[in-house]
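Let's take a walk through this one together. Keep the viewer open and follow along as we go.

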Amino acid sequence: MTTSKVVTSQALTLSFLSAKLRPNKASLNRQATINTAKKLAALVMLQGVILLPVHAASAAKTGQRVLMIEMTPALCSIQPTRARMRQCLEGYSLTVSGLDMGYGERCGVGSEPRLTPLQLKVVNRVMPDTTVRSQAWQRYGACSPLSDGSYFRQITNYAGALKLPNELNTGNSYTVSKSRFISQMTRLNSGMTSSSIDLICQAGSRRQLTLTDVHVCYEGSEFGTCHNVVDNCGSKFVISGGK
């Protein structure tokens, strides 16, 4: 049964995204033998490409990026065809379905992303399903100038910095006010405005509107304004926790 409750001030940082990729120690030791000029150049390249991929993408092209977050329990319930997906079987509360980089769509039909075992371990925390990762890369990542590794680092960087209301991860179901939910999101995330969020709902089993997707829009590394929004959740909607 759905219970009425307003969104509290507690925040949920996507903690399963918090793992950091670190430069290889052996590589750093080898750089110690390089002269000062080469060492500086290597460090700049490391910071721009590996440690801060969000800024690297911004330099490549300035444009809107849309991080697409799925409310996993709601979609697993509303769409039975998802029942065998890993995030449904393992009880994930939130997953990411992709990052639209703004370069176009469907450029990589048939291609598969290649990630190192370490990066795959990090990405699995937010995109555990192999098919979802492949579809995201083929539809959005392959259209950008980024490598597959850099594209998925973009996803984990954005998701790891995002804070969401605690109700999204309790395992319970709530009816919430859209205005309160958006107010909570903007208060938790510095620089975010109400126009940075697009909430997408579908009709649940009782014909109630249930939140299924949250799209968060960026301009480079900063929050931006969403375009072509769906915004179909009405004044109140259900957050499904699968119970």
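Bear in mind that this is a predicted model. A good place to start is with the charged pairs: searching the whole structure turns up 4 salt bridges.

One of them joins the side chains of Glu70 and Arg82, with 3.2 Å from N to O. Glu70 sits in strand 3, while Arg82 belongs to the loop between helix 4 and helix 5, so this pair ties together parts that are 12 residues apart in sequence. Glu70 counts as buried, at 8% relative accessibility, and Arg82 counts as buried too, at 14%.

Next, look at Glu105 and Arg139, whose closest N and O atoms are 3.2 Å apart in another salt bridge. Here the loop between strand 4 and helix 6 is tied to helix 7, so the parts joined are 34 residues apart in sequence. Glu105 is partly exposed at 40% relative accessibility, and Arg139 is partly exposed at 30%.

Then there's Lys178, which forms a salt bridge with Asp231 at 2.5 Å between the closest N and O atoms. That pair links helix 9 to the loop between strand 9 and strand 10, 53 residues apart. Lys178 counts as buried at 18%, whereas Asp231 is partly exposed at 38%.

Stay on helix 9 for a moment. Along with Lys178, its buried residues are Phe181, Ile182, Gln184, Met185 and Leu188. Looking down the helix axis, they fall within an arc of 155 degrees, so they line one face. Ser179 and Arg187 are the exposed residues on the face turned away from that buried side.

Key:
Residues numbered from 1 in each chain as written. Predicted model: local features only at pLDDT ≥ 70, side-chain atom pairs only at ≥ 80, totals over all residues. Heavy atoms only, no water. Buried < 20%, exposed > 50% of the residue type's maximum accessible area, 1.4 Å probe, protein only. Helix = DSSP H or I, 4+ residues; strand = E, 2+ residues; numbered from the N terminus. Arc of directions from axis to C-beta.
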